[in-house]
Amino acid sequence: MAARLATEYAALTTAALPAGESAAPAPLPQPLAEPEPAVAGGDDDDGDLDEGFYDDAFEVLG
Amino acid sequence: MSAGNLYTLSRKEGWRRWADTASRTRPEPLTIAQLRRLGEDAKADYDDARHDWHANFGTIKTPQLAAIHDQLDEIVATNRQDPDRVRCAAVIDALPGLGKTTIADTFARDFDRTQRRRHGELTDAGHEHLPVFRVGLSSRTTLRTLNRNICEFYGHPGSDRANAAQLASFAVDCVLSCGTRIGIIDDLHFVDPNRRDGVDVSNHLKWLANELPVTFLYAGVGLAERRLFSEGLTGDSAVMAQTARRWTRLELPPFQITDKAGKRHWLSLLKATERQLVLARSHPGMLSQLEDYLFARTTGHIGSYITLITRGCYKAIRSGQELLDEQQFDAIRIDEAAEVARRQLHATTARRHRTSAASGR
């Protein structure tokens, strides 16, 4: 029963779409977010901004 | 600020606690939006954790620190002479604010950890194993106060009610019983070789070095200028000349930006610091783009620099600016020596500008 329903649903949705387009639902519009400033990266921060920037920084002893 | 964090390295309990405490964990950096979502108490706790972190984020391994640690390691590792032979001492002699105490303490802490890991927490005779003792001298240190300071580090019960000779005996017992191998004597500049009690203390340090199987590690300001180990002294000061033959003087220069290597090191220091900060608007280059300004403010003295950064971070958090910039730093006063140097530097720069403007007309 479930398999039949799934097949029918797929046929219904793909039939209405132009060729090559997906039947996946469109993402919901997101609320506008305040742009957040970059955060200085620590050792665990893999952000792009500081990549390589701190390579010549001195080591910090624990 | 927790009251549990208040302790001194001049007592064995404080030293042990410092040596055994694991590195602090860096608070997770939050964005401005995340900060705004924090409740009042959570924000206060987060800020407190950041203040604590910024005041204690670890010791930066500068080339100066690395060089002196290497030399200390060499001196201590080769001081394995039997008791009938004299061991050499190391002296870190530098201007204030360059990190003498930090360098001595961090070296000794590593040594302490290694020795206890290797030989255990108790000596063969069952005494507490204390590989390092540390005392700081004060003005007009006498023979008695020096001995008492050593006894107080070990918590000797007779520290308060003994004469100088008894205290010296107690100190020797403590050092030998606890298997101590390094003795840090900080602020040696308080020993005045021109005063009778200063010569007594210097003589006593020599006696301790003879009696104890310990490498003494001294730190002080302007010791060479005070002729604490000048060579060629005669008469009453001959003991100082002998000291000069036994002490290895280690200098600790400030940062300088007069050549490429110096500038590179200064920049590496700024980047190392910047990477540690936990401010919501911090970004790569925040400090390094202020390299000339920060040098002018601190004249390359790491002590002044760290104070400026710590106070700047406090202000940046309190004000909500969450960023360090020139305007923020301008509102912060640090040690008087740095402020005087800053005024002199500004006056020189202004004079240069006036001269070049006049010659350009």
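These legends describe views of a predicted model with chains A and B.

**Figure 1. Overview of chain B in the predicted model.** Chain B contains 14 helices and 6 strands. Its C-alpha trace extends over about 70 × 60 × 35 Å along the principal axes. Of the 361 residues in chain B, 48% are buried. For the model, the ipTM is 0.83 and the pTM is 0.80.

**Figure 2. Confidence along chain B, with helix 9 and helix 3 in close-up.** The mean pLDDT of chain B is 89, and 92% of its residues reach at least 70. Among the elements of chain B, helix 3 has the highest mean pLDDT, 97. The lowest mean, 65, belongs to helix 9 (residues 238-246) of chain B. Where pLDDT is low, predicted coordinates should not be read in detail.

**Figure 3. A negative surface patch on chain B.** Four residues form the patch: B:E40, B:D41, B:D45 and B:D48. One of them, B:D45, lies in helix 3 (residues 40-55) of chain B. Helix 3 is also the element of chain B with the highest mean pLDDT. Is B:D45 buried or exposed? B:D45 counts as exposed because its relative accessibility is 55%, and the cut-off for exposed is over 50%.

**Figure 4. The loop that holds B:D187.** This loop of chain B runs between strand 4 (182-186) and helix 8 (196-211). Most residues other than glycine have a negative phi. B:D187 is not a glycine, yet its phi is positive, at about 60 degrees. The relative accessibility of B:D187 is 25%, so the residue counts as partly exposed. That class covers values between the limit for buried, under 20%, and the limit for exposed, over 50%.

**Figure 5. The loop that holds B:E322.** B:E322 sits between helix 12 (302-319) and helix 13 (326-330) of chain B, in the loop that links these helices. Which sign does the phi of B:E322 have? The phi of B:E322 is positive, about 55 degrees, although the residue is not a glycine. B:E322 counts as buried because its relative accessible area is 2%, and buried means under 20%.

**Figure 6. Chain A of the predicted model.** Chain A has 1 helix and 1 strand. Of its 62 residues, 11% count as buried. The area that chain A exposes is about 5100 Å². Carbon and sulfur atoms supply 61% of this exposed area.

Notes:
Residues are numbered from 1 along each chain as its sequence is written. Chains are lettered from A and ligands numbered from 1 in the order in which they are written. This is a predicted model: local features need pLDDT of at least 70, side-chain atom pairs count only at pLDDT 80 or more; totals for chains, interfaces and linings use all residues. Side-chain values use heavy atoms; hydrogens and water are left out. Patches are made of residues with over 30% relative accessible area and no salt bridge: like charges are joined within 9 Å, nonpolar side chains (Val, Leu, Ile, Met, Phe, Trp, Tyr) within 5 Å. Accessible areas come from the Shrake-Rupley method with a 1.4 Å probe; for residues, only the protein chains shown count as cover. A salt bridge is a side-chain nitrogen of Lys or Arg within 4 Å of a carboxyl oxygen of Asp or Glu. Lys and Arg count as positive and Asp and Glu as negative; His and the chain ends are not counted. The place of a charge is taken as NZ of Lys, CZ of Arg, CG of Asp or CD of Glu. Helices (H or I, at least four residues) and strands (E, at least two) are DSSP runs, numbered from the N terminus. Buried means under 20% relative accessible area, exposed over 50%, partly exposed in between (1.4 Å probe, protein chains only). pLDDT is the predictor's confidence in each residue, from 0 to 100.
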